[in-house]
Amino acid sequence: MAPPIFIIGAMGSGSTLLRLILDSHDNIAIPRETGFMRAYNAHQYIPFKWSGRNWAKRMGWSRKELDEELRRFYDRIFSRHANEQGKERWGDKTPYHTFHVDDMARVFPDAQFVAIVRHPGGCIASNMNRWGQTIRQGIDHYRRYNREIARVARAYPDRFAVLRYEDLVTQPEPVMRELLEYLGEDWSDNVLQHHTVQAARGGRRKVEGRSLVDDPIDVARISKWTKTMEERHRAALRRRCTRLGQLYGYAIDDPAVLDPIADGRLVALGPHVAERLTGFEDLNVDQQGHVAIADRWYDPRLYKIRSIESLKALEAKPLPGGLLRALLTVWRRLPDRVQAVLRPAVRRARKLLT
């Protein structure tokens, strides 16, 4: 059985486009985002159970044995999906799996990883537009994900490929030829016609991140952000993303500048990233950075979730500032008529929490 393919990358980096392209290959099936590694975490530490950690170990199962059972379980689920499409190889694309690579590499020892990166301006503007992120949230997201990509690419050099969104949309055939060679797959003309292949299958037209499966590659999206981003936001990009952007060959003010990150190649492999990082030690990517709560083991001793009956005596920590700001942003974007309907419920919730 061919090894699984795991696509990772920050939201807004073009990972859905890459998924649709690879899923159009004759031998590769990559479904919509699954996020299955959060379920894997739940097997290690049962959520909402104070004694949930090491439940299998208490019955004599080692971590290695449990990993092997879970590998077979997930392989069976994904393989059936692939087989139903007449394909032999499966994969997954989930952005936040960027922070699960260490576990995925252990559970699936033959897996191949493909990371996609994008110019900071394009990625951050996309997330501000789609998800209502502030410039600070967008920058934080970009830095966390793309520093982690550099870390795991160096940690697993024989199993990693990194490509840029801009190269994919401007030079799709040479990029895909290099990528398929890395994956050990034969060439398929279908990968250059993903919008036709996907549309012919029927089903949902709008998928992750509001992407449309029948949208052809649009080169204009590379520089679209330069026409809409405010100068104060550009200034924030310069302060916080210039150096990280340079690691991946980007000039912070000009998305048309694409310095090579691997000599003679459009798709950089793990050793190329490791070599390039020798000139960027100031980025300090050796240690894993901040991991969102949802992607850690859930320890009820740290994250208290109370029952409805005990909300009046709530002792849980207050909402983090970032989450509160995100909720307020969502609220402000709701139409007035929707706010009017929800306002009584919000008032009741506030009374319960005070």
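A cavity is a set of grid points where a 1.4 Å probe fits but cannot get out. Keep that in mind for the exercises below, and remember that this is a predicted model.

**Exercise 1: enclosed space**

Find how many cavities of 30 Å³ or more the whole structure holds, and which residues line the largest cavity.

*Solution.* Start with the search over the whole structure: one cavity of 30 Å³ or more turns up. Next, its volume: about 30 Å³ of space lies in the largest cavity. Finally, look at the walls, which are formed by Leu 247, Tyr 248, Ile 261, Val 273 and Arg 276.

**Exercise 2: a pocket and its helices**

Work out which helix gives the most residues to the lining of the second largest pocket.

*Solution.* First get the volume: the second largest pocket holds about 230 Å³ of space. Then check the lining, which has 15 residues, with Arg 32, Gln 198, Arg 201, Gly 202 and Arg 204 nearest the pocket's centre. Now go by helix: α1 and α9 (194-201) each put at least two residues into that lining. Of the contributors, α1 gives the most, with three residues.

**Exercise 3: Thr 16**

Decide whether Thr 16 is buried or exposed.

*Solution.* Place the residue first: Thr 16 sits in helix α1, which covers residues 15-23. Then apply the cut-off, under 20% relative accessible area for buried. Thr 16 has 9% relative accessibility, so Thr 16 counts as buried. As an extra step, try the C-alpha distance to Val 207: the two are 8.3 Å apart in space, though 191 residues apart in sequence.

**Exercise 4: a patch on the outside**

Identify the residues that make the nonpolar surface patch of about 250 Å².

*Solution.* The patch is built from Val 341, Leu 342 and Val 346. Pick Val 341 and locate it: Val 341 belongs to helix α13, residues 336-352. For its exposure, the cut-off is over 50% relative accessible area. Val 341 comes in at 64%, so Val 341 is exposed.

**Exercise 5: reading the sheet**

Write down the strand order of the open six-stranded sheet, then say which strands are at its edges.

*Solution.* Going across the sheet, the order is β2-β3-β1-β4-β5-β8, and the pairing is mixed. The edge strands are β2 (28-29) and β8 (268-269), since each of these pairs on one side only. Now zoom in on one pair: β4 (residues 112-117) and β5 (residues 160-164) run parallel and are joined by five bridges. Within this pair, Phe 113 stands opposite Phe 160 in β5.

How values were computed. Residues numbered from 1 in each chain as written. Predicted model: local features only at pLDDT ≥ 70, side-chain atom pairs only at ≥ 80, totals over all residues. Heavy atoms only, no water. Pairing = 2+ DSSP bridges. Helix = DSSP H or I, 4+ residues; strand = E, 2+ residues; numbered from the N terminus. Patch = residues over 30% accessible without salt bridge, like charges linked within 9 Å, V, L, I, M, F, W, Y side chains within 5 Å. Areas by Shrake-Rupley, 256 points an atom, 1.4 Å probe, with all protein chains shown as cover. Salt bridge = Lys/Arg side-chain N within 4 Å of Asp/Glu carboxyl O. Buried < 20%, exposed > 50% of the residue type's maximum accessible area, 1.4 Å probe, protein only. 1 Å grid on protein atoms, 1.4 Å probe; cavity = no way out; pocket = protein on both sides within 12 Å on 5 of 7 lines; lining within 4 Å. Points joined across faces, edges and corners; volume = space filled by probe spheres on them.
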